[in-house]
Protein chains: 2
Amino acid sequence: MTPPVTLRDVARAAGVSPATASRALAASGSTSTDRRAQVHRAARELGYRPNRAARELITGRTGNLCLVVPDLENPFFAAVAKSVQARARAAGYAVFVADSEEDPLLETELVTQLGAQADGVILCAPRMSETALTRLSAGRAVVLVNREAPGVASVVVDNVDGVRQAAAHVHALGHRRVAWAGGPADSWSDRERHAGLLHAAEQLPGLEVVDLGHFAPVFAGGVAAADLVAASRATAVLAHNDLMALGILDRLRSRGTAVPGGVSVVGYDDVPAATLVSPALTTVAVPFARLGRAAVDALLAAPAPLAGGATAGGAAAGGAAAGQRLTVELVVRGSTAPAPPAAR
Amino acid sequence: MTPPVTLRDVARAAGVSPATASRALAASGSTSTDRRAQVHRAARELGYRPNRAARELITGRTGNLCLVVPDLENPFFAAVAKSVQARARAAGYAVFVADSEEDPLLETELVTQLGAQADGVILCAPRMSETALTRLSAGRAVVLVNREAPGVASVVVDNVDGVRQAAAHVHALGHRRVAWAGGPADSWSDRERHAGLLHAAEQLPGLEVVDLGHFAPVFAGGVAAADLVAASRATAVLAHNDLMALGILDRLRSRGTAVPGGVSVVGYDDVPAATLVSPALTTVAVPFARLGRAAVDALLAAPAPLAGGATAGGAAAGGAAAGQRLTVELVVRGSTAPAPPAAR
DNA sequence: TTGTAAGCGTTATCAA
DNA sequence: TTGATAACGCTTACAA
């Protein structure tokens, strides 16, 4: 095959020194207009592609970002990955994507390894400890998605307001006994959502919250929760996320409990599958794409110019890390309806 | 922050030259056992992490792979991404993931750009032309997933046998008039599946295939196809993939056509959502995880030792590219049932 | 088996 | 504004 075209080749073809060629192409430093044109033409004609490794070696910047998620098959994270990747590309960055399989140990390892090859890390780690997160973000530009930790930049959604909307909705429909099917006990967003529900209940006269406990944030977790719903005498159930809500829906149906006739169900996230089921799922819509974009923007706007890892804190520099909170919106579909008269 | 630990630091701490340190850590070349131990200990104590850029600059290998898919939110590609990423990590590779938004132009650009930073590319490009694929694979190690092209390595599933199983299933249930809801006209797998169906029909006495045309391989495409199903007097419909089948299911339901009572529906892929709907979808299960793993293995087993891009053909070297074909299996669920007696 | 030294392709420094 | 020249951190001849 043809050997790669180097900057020297371009410089030679343009009749200038490599240094000048570099400046002309980088548009950094001063270069006369005609020289620049010459160099650019030569580069184009030769099909010059800068060697990123060589550039990285001296600048310390890779031009890459890194995204770590717990599960790529979870539509929530797939959507985040898609938008992160799109935004990064628009900014000229490539993205390493890694799946941590919900394993905090692997999460740490991935951030350490891949983070070394990237200018910044976007991390979805709902269950990692705060201290671990803070430690991981030291000496590295990190932005957390849907998670907060002291001193670490983050982009989250308004979990408290989301469940408030959900609770207000079922309350308005006449439901008074509402069950909560929680996610993992160590999930940050679950703690926020649960607290938000309790807080909302205080404002909603007569609303009683039945805590069903913690479940795996997947379909099977919802299936398990459904049986407790049935036993709880609640007329509505709010789930930690859509995947669980879909499990609840499925299990209630096979138990012969009508939805929304017997029990109303509300999810969280608004994953695509929420509209595939019947009745379609009433849920709190999370702006996935905006989450991903905001995370990339936060990384690229970091105070430190994203030096490879040798530099201080990056997005987290200075102690007071920027936190961004996106609004969410309840989407009412078929899985919620007025409470049965008997229950009012 | 602390400056990164370099090989020189390790060498100094171990009391050897950088060259010896390099050899000791790489286990390449000859090093005495005690020296090696010394160096390893020093490296561990100092927390040495080799600079990949420097290594790449001299070896020409990046230690990265690149995966390009049309849509990360499509559960099919999400599953492939997950398994590719896992297998690559096990082999010590990081993975760039890029979403081409179903755009052949962007696909080409991504392969060219990201491929330059990777030792190999795994490409899902159902709709790119064969010539474009062959051209793209020149001078680059490329493995195609669920797609074949002359001279390019690939890992595909047995599309023909998949539809054969589906056709045999509905035929055995007594269906004689079967509709085919095709995917995009330029989709390679759709051409295979369609041809497979026609071929299967020849072997199944009395089976008549009604061609409904081509649709977008997503939920909305299925919705569009559903109305044609109803008009076709077919008692069963085979869809290009699950997403379409789910759209068909949904639309038939809202039209008042019972599934499987009135019409039986068969999908392709077996995405997780196939079991979320009711009735659950009978479908041809594609081994996503094995597809991804096989693609990585094919890349890493390539004849050329994966040189960064300066070397010839990689996996495709020699002209006769390796093609691997995985078997698929029909999973019968609730969306298929015996044909109505009137139709027999 | 080990050390010295020469690069890999780029950017940054410094004179001119 | 330009061109030598020195890095960046590593691997690999080649010599000892």
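## A guided tour from chain A to the DNA

Begin by selecting chain A of this predicted model, whose radius of gyration is 25 Å, whereas a compact globule of 344 residues would have one near 20 Å. Turn the chain until its principal axes lie along the screen, and the C-alpha trace will be seen to span about 90 × 40 × 30 Å along them. If you now colour chain A by secondary structure, you will find twelve helices and twelve strands. Buried residues account for 53% of the 344 residues in this chain, and, among its contacts between residues at least 6 apart in sequence, 68% join residues that are at least 24 apart.

Next, display chain B together with chain A. Chain B is superposed on chain A by a rotation of 180° with 0.0 Å of shift along the axis, and the RMSD is 0.1 Å; that is the relation of a two-fold axis.

Stay with the pair and select the residues where the two chains meet, which are 38 residues of chain B in contact with 39 residues of chain A. On the side of chain B that touches chain A, at least two residues each come from H4, helix H5 (75–90), strand S2 (94–99) and helix H11 (242–255) of chain B, and H5(B) gives the most, with seven residues. Colouring this side of chain B by residue class shows 25 nonpolar, five polar and eight charged residues. Because 100% of the interface residues of chain B are also interface residues in chain A, the copies meet through the same surface.

For the interior, select Ile248(A) and Ile248(B), which touch the most other members of the largest nonpolar core, a set of 194 residues. Centre the view on Ile248(B) and, leaving aside its neighbours within four places in sequence, show the residues in contact with it: Ala181(B), Gly222(B), Ala225(B), Ala226(B), Val229(B), Val237(B), Ala239(B) and Val265(B).

Finally, move to DNA strand D and select the 28 residues around it, of which Ala19(A), Thr20(A), Ser30(A), Leu7(B) and Ala54(B) come nearest. Both chains supply elements here: helix H2 (18–26) and helix H4 (52–59) of chain A, and helix H1 (7–14), helix H2 (18–26) and helix H4 (52–59) of chain B, give two or more residues to the surface near the strand. Coloured by class, the residues of this surface near DNA strand D divide into 13 nonpolar, eleven polar and four charged.

Notes:
Residues numbered from 1 in each chain as written. Chains lettered and ligands numbered in written order. Predicted model: local features only at pLDDT ≥ 70, side-chain atom pairs only at ≥ 80, totals over all residues. Near = placed C-beta within 6 Å. Helix = DSSP H or I, 4+ residues; strand = E, 2+ residues; numbered from the N terminus. Nonpolar A, V, L, I, M, F, W, Y, C, P; charged D, E, K, R; others polar. Rg over C-alpha atoms; globule rule 2.2 N^0.38 Å. Buried ≥ 20, exposed ≤ 12 C-beta atoms within 10 Å, placed from the backbone. Contact = placed C-beta atoms within 7 Å. Least-squares fit on C-alpha atoms with pLDDT ≥ 70 in both. Core = buried A, V, L, I, M, F, W, Y, C linked by C-beta atoms within 7 Å.
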